[in-house]
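Please look through the structure below with the sequence beside it, and follow the explanation from the overall fold to its interior and then to single residues.

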Amino acid sequence: MVLGILAVVGSAIGLTLLRQQRFYRGTEELVGAREGVRDAIEILSTDIRGMSIADTARLLADSAVEMFASVGSSVVCQIVASEIGLPAGTSPRGNTLTALLTQPDTGDLALFLRDSADAGSLWERHRIASFSARSKATTCPPSTGLAPADDVDATGTAFVIALSTSLSDHVHRGAPVRFVRRGRYSLYRSSDGNWYLGYRRCNALGPSVCGAIQPLSGPYRAYSSNPRSTGLLFEFFDASGVGLPPGSSSLTLARIDITARSESRESLMVEGRSWIPADSATVSIAVRNRGQ
């Protein structure tokens, strides 16, 4: 009788532990699917909000978008031939004049705001030949008015850009400059058979030539031409809310809707039925910089 009772109790405990294990495993897989959806939306939202359709949108497809994303901003401190001096990131007084997410390089573009009475205000685009750090005293001296006089002997460095082409006469000291990097976000199938959101850095100018793809988040559902089942969907709209077909001109772009559908890599048994934890979300992102 004792052995029989122990067997019944042991079976009950084992069954309870098995159910708890399945529950926690299912919860973990569901949380992972939700994190994948959230990661895709956060990554894409940040870059799309800051893009400028006049010079940055290069590819509009149902599962991919190629654009120039902002990697930093600054102001022109001084101009010496083709070299442009920039102030230090943060002055001792707390004024931030240069902010860089990552240091620009020869694969990026520098856009300078030109102010002309004839042509108006436009962004002048130049390819970066080099980007380096130099002494504050030579790169942005106090005589420019953008560095305090008591900072000339301070430790630290500022920055200088060498351009492949010369600036026009309409770009002056104090003009804003922003740095942009061309890249493509897309849904792709990895060697492990799963689908991920990937990023490829592309050449700054000319026809699109991109490097090796790097996974950012996932896995997601497989690509499908059916917009209701594909793992990652981009939809494009103009200012009136009319949908734009893939390949449309970016000059009419006003909003991008992103739908991400993530699912677990494993199938779980719940109440005797197979279940794959999954999640999905859709977000609408308005393009802020619609002017040239």
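The protein contains two helices and 17 strands, and the reader should keep in mind that the model is a predicted one. Of its 292 residues, 39% are buried. Among the contacts that link residues at least 6 apart in sequence, 64% join residues at least 24 apart. The protein exposes a surface of about 15500 Å², and carbon and sulfur atoms supply 52% of that area.

With that outline in place, we can turn to the interior. The largest nonpolar core has 26 residues, and the members that touch the most other members are Ile48, Met51, Phe234, Leu253, Ile256 and Ile258. At least two residues of this core come from each of H1, strand S1 (57-60), S2, S9, S10, strand S12 (232-237), strand S14 (255-263) and strand S17 (278-286). Of these elements, H1 gives the most to the core, with five residues. A second core, separate from this one, has 16 residues, including Val71, Ala110, Phe131 and Val177.

Two residues of the largest core show how its parts meet. Leaving aside residues up to four places away in sequence, Ile258 touches Leu44 and Ile48, then Leu232, Leu233 and Phe234, and also Ala281, Thr282, Val283 and Ile285. Ile256, which lies in strand S14, has a relative accessibility of 0% and therefore counts as buried. With the same sequence neighbours left out, the contacts of Ile256 are Ile48, Met51, Phe234, Glu235, Phe236, Val283, Ser284 and Ile285. One of these partners, Phe234, is 22 residues from Ile256 along the chain, yet the C-alpha atoms of the two are separated by 6.7 Å.

Two further strand residues offer a contrast in exposure. Met67 is found in strand S2, and because its relative accessibility is 1%, Met67 counts as buried. Although Met67 and Ala57 are ten residues apart in sequence, their C-alpha atoms are 4.3 Å apart in space. Ala129 is placed in strand S7, which spans residues 120-135; here the relative accessibility is 39%, so Ala129 counts as partly exposed, a class that lies between the limits of 20% for buried and 50% for exposed. Ala129 touches Thr106, Ala162, Leu163 and Ser164 when residues up to four places away in sequence are not counted. Between Ala129 and Thr165, which are 36 residues apart in sequence, the C-alpha to C-alpha distance is 8.8 Å.

The last feature to examine is an opening in the protein. Where does the largest pocket lie, and which residues are nearest its centre? The largest pocket is lined by 16 residues, and those that lie nearest its centre are Asp47, Ala69, Ser70, Val71 and Tyr185. Helix H1 (2-50), strand S2 (64-75), strand S9 (176-189) and strand S10 (195-201) are the elements that give two or more residues to this lining. Sorted by class, the lining holds eight nonpolar, four polar and four charged residues, and the volume of the largest pocket is about 350 Å³. Several elements thus appear in both settings: H1, S2, S9 and S10 contribute to the lining of the largest pocket and each also supply at least two residues of the largest nonpolar core. Val71, for its part, lies among the residues nearest the centre of the pocket and is included in the second core.

Note on methods. Residues are numbered from 1 along each chain as its sequence is written. This is a predicted model: local features need pLDDT of at least 70, side-chain atom pairs count only at pLDDT 80 or more; totals for chains, interfaces and linings use all residues. Side-chain values use heavy atoms; hydrogens and water are left out. Helices (H or I, at least four residues) and strands (E, at least two) are DSSP runs, numbered from the N terminus. Buried means under 20% relative accessible area, exposed over 50%, partly exposed in between (1.4 Å probe, protein chains only). Contact means heavy atoms within 4.5 Å. Accessible areas come from the Shrake-Rupley method with a 1.4 Å probe; for residues, only the protein chains shown count as cover. On a 1 Å grid over the protein atoms alone, a cavity is a set of points where a 1.4 Å probe fits but cannot get out, and a pocket is an open set with protein on both sides within 12 Å along at least five of seven lines; lining residues have an atom within 4 Å of a point. Grid points are joined across faces, edges and corners, and a volume is the space filled by probe spheres set on the points. Ala, Val, Leu, Ile, Met, Phe, Trp, Tyr, Cys and Pro count as nonpolar, Asp, Glu, Lys and Arg as charged, and the others, Gly among them, as polar. A nonpolar core is a set of buried Ala, Val, Leu, Ile, Met, Phe, Trp, Tyr and Cys residues joined through side-chain atoms within 4.5 Å.
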